[in-house]
Amino acid sequence: MSPSSPQSAADRTARPSRLHRRPPNHNHRSDSDPVGAAVRLISETAHDLKSPLAGIAATMEAIRDGSLGDVTPSQAEFLQAAMNQCQYIDTLVSELARAERLRSGSPRVRRVATKRSAIQEAVDLATRPVLSNHRIELLWGGTDANANDVMVDPNILSRLLINLIVNAQRASQEGSPILIRVEDNPARGVAVWSVIDRGRGMSPAKLKQLGRSGAIASDSGGEGLGLMIAQQMAALHFSSLTLRSRVGSGTDAVFETPLASPSAIATTFARYRSQLRGERSRPHSLRQWKEGQADSAQRELTDGQRIRIESLINRTSWNEVELHGGPTRPIRADRLSLVRVTADDECPMEMADRFDQALQYQLTTFELAYRTSRRSWVCAFDADDHSLPARMEQIDQLAQRSQPAMSLHWNTPAVVPIHERNLQCLLVDAMTTQSLSEAPGKIADMDSVRLGTPEISFSPVAAARLDEELRRLNHRMKSQSERLQQQSAAIRPQTRPS
């Protein structure tokens, strides 16, 4: 199974009970919506495919292991390859099965600080069989080991890139490379991801159709469904999906992910929620990024290879469309609730980690939970002062059922209006200075490492230096103490005999 598969055993055991899943937002679903009906039908059909697919994989495994007779090494190799394909198909089926969950706004996402090189490895492994059959090389730029971490769900981000790569492969000729480029924009707190091909491109009419429906086009060969899922996956990282294309020249698919720092996450989330409130202007970063690319006809990649990208001098002949995250919208588009939740001091690290995963799985597309320390989280809920108590009670029940020994403490929540700059400042303040006070009587866990930084590890060299420094200071303090005693004795007045 691909490393990006959402169906790992750890995911299944850590997912919260069905009894505690938030009810779907029926205000945004309509039986007259043909796209929604199609997605629900595909999800149900995909779920029915899992059982026979598992049976096929189990049968091949039994044959490979010799349960039905001896097999040659070459036969075992072919059987293993077929089993790998079954696992890959299982991943795709699982993705289709959760398309309705993505569309309904309850995606089960867990954002963690992730290295780009890990994303590259997962995507390369999953796409290698498909691309090698068409002699298409997948090139990368900006994903070296020293690049800044990004705050993403690695499984979802990998699937997003795979969807875009498969669409690019379908539009490309055999032997034509595909480039994935990642560039940081520190001013906006994001990494800008681009999947670039030199395929047939899309006409203005097709782009307009995708922008209008964001869904299945009859002549798209399945691209519409993949793009619909892709734009929803981009929304889980607080971004839209921008397509820029010209017939005969190729297509750029561009989206953003937040960098793994408190300021960047707060900035990206505040901007995303502000846009959902009604501000639909194009993000400046994408325009600036594309204008920068227009001055260069070639791009240098990390491995020294070059890929020819047609100069964008005549920008008027390129057309673009910005796809947003689907029909769902926040329950409260103009406000949200900001609150801190803290576990008791007796909560072990392993229990806090399991609660962090369960908490993030409970969030909608429009909410955020940021772990500020080992046992403390800042949460931005899509709720007001009327609905927030029920939301907090839901999290309490989740903790009690999944971690019975865990006790949660909430500080006084604040319902804040959504204005990009104000919300950004409040989130940065809450994530960094912890001005939202801890629960009464609780002491902040200060011996923790900020997310996105390397863990503190034992170093024998540093320990030896520390021991030597302590010995030196001890000797110095002893010498100073003896000197003070001598000076004190010298200035003490001499007593004359009576």
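Guide: A residue is called buried when its relative accessible area is under 20%, and we shall read this predicted model with that cut-off in hand.

Visitor: Which residues of helix 11 are buried?

Guide: In helix 11 the buried residues are Met 351, Ala 352, Phe 355, Asp 356, Gln 357, Ala 358, Leu 359, Gln 360 and Tyr 361. As a general idea, an α-helix has 3.6 residues a turn, so residues three or four places apart point the same way.

Visitor: How many ångströms should helix 11 span, and how far apart are its end C-alpha atoms?

Guide: The 13 residues of helix 11 should span 18 Å at 1.5 Å a residue, and because its end C-alpha atoms are 19 Å apart, the two values agree. Helix 9, residues 262-276, can be read in the same manner: its 15 residues reach 21 Å from first C-alpha to last, close to the expected 21 Å. Helix 9 is also mostly covered, with 14 of its 15 residues buried.

Visitor: Where is Asp 356 found, and what does its side chain make a polar contact with?

Guide: Asp 356 is found in helix 11, which runs over residues 349-361. Its relative accessible area is 5%, which means that Asp 356 falls under the 20% cut-off and counts as buried. The side chain of Asp 356 makes a polar contact, at 2.8 Å, with the side chain of Trp 377. If we leave aside neighbours within four places in sequence, Asp 356 is in contact with Arg 110, Arg 371 and Trp 377.

Visitor: Turning to internal space, how many cavities of 30 Å³ or more are there, and what is the volume of the largest cavity?

Guide: A cavity is a set of points where a probe fits but cannot get out. Here the count comes to eight cavities of 30 Å³ or more, and the largest cavity has a volume of about 200 Å³. That cavity is lined by 16 residues, of which Asn 167, Ala 168, Asp 197, Met 202 and Thr 251 are the closest to its centre.

Visitor: Which elements supply at least two residues of the lining of the largest cavity, and how do the lining residues divide into nonpolar, polar and charged?

Guide: Helix 6 (154-171), strand 5 (190-197), helix 8 (223-235) and strand 7 (250-258) each supply at least two, while the largest share, four residues, comes from helix 6. By character, the lining of the largest cavity divides into eight nonpolar, three polar and five charged residues.

Visitor: What share of the whole chain counts as buried?

Guide: Of the 498 residues of the chain, 48% count as buried, and the chain has 14 helices and 15 strands.

Conventions: Residues numbered from 1 in each chain as written. Predicted model: local features only at pLDDT ≥ 70, side-chain atom pairs only at ≥ 80, totals over all residues. Heavy atoms only, no water. 1 Å grid on protein atoms, 1.4 Å probe; cavity = no way out; pocket = protein on both sides within 12 Å on 5 of 7 lines; lining within 4 Å. Points joined across faces, edges and corners; volume = space filled by probe spheres on them. Nonpolar A, V, L, I, M, F, W, Y, C, P; charged D, E, K, R; others polar. Expected span 1.5 Å × (residues − 1). Buried < 20%, exposed > 50% of the residue type's maximum accessible area, 1.4 Å probe, protein only. Polar contact = N/O pair within 3.5 Å; in protein donor to acceptor, adjacent residues only side chain to side chain. Contact = heavy atoms within 4.5 Å.
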